[in-house]
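Me: Could you take a close look at a single part of this structure with me? I would like one connected walk through a strand and its partners.

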Amino acid sequence: GAVTIDLNGFRVHGAGAGAAVPGIDFGRSHDVTLLNGTVSNFMGTGVYGANSDNCRVEGVRVLQSRESG
């Protein structure tokens, strides 16, 4: 089934140090929606969704990721 993650204006904030892990990882997933918030300060990718299908990210800011968005 479909999954929706609504941050409802909240921030997912990493420690800014350590392993290069993503803030939110829905790689290799189907039917995921990420909404309304901020993902920041991760050593890896802020939001990772490689090899996924029918997924969307809407109203999300990604800041200060060390790798990519």
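Which residue is the bridge partner of Val3 in S4?

Reply: Happy to help! This is a predicted model, in which local features need pLDDT of at least 70 and side-chain atom pairs count only at pLDDT 80 or more, while totals for chains, interfaces and linings use all residues. Residues are numbered from 1 along each chain as its sequence is written, and side-chain values use heavy atoms, with hydrogens and water left out.

The partner of Val3 is Val32 in S4. Strands here are DSSP runs (E, at least two residues), numbered from the N terminus, and two of them pair if DSSP finds at least two bridges between them.

Strand S4 covers residues 32-40, and 8 of its 9 residues are buried (under 20% relative accessible area, with a 1.4 Å probe and protein chains only). Strand S1, residues 3-6, runs parallel to S4 and is joined to it by 4 bridges. Strand S2, residues 11-13, is also parallel to S4, with 3 bridges; there His13 stands opposite Ser40. Strand S6, residues 56-63, runs parallel to S4 too, through 7 bridges, and Gly37 has Val60 as its bridge partner in S6.

Following the chain past S6, you come to the segment that holds Ser65. The side chain of Ser65 reaches the backbone nitrogen of Gly46 at 3.2 Å. Apart from its neighbours within four places in sequence, Ser65 is in contact (heavy atoms within 4.5 Å) with Phe42, Gly44, Thr45 and Gly46.

Key: Buried means under 20% relative accessible area, exposed over 50%, partly exposed in between (1.4 Å probe, protein chains only). A polar contact is a pair of N or O atoms within 3.5 Å; within protein, one must be able to donate a hydrogen and the other to accept it, and residues adjacent in sequence count only if both atoms are side-chain atoms.
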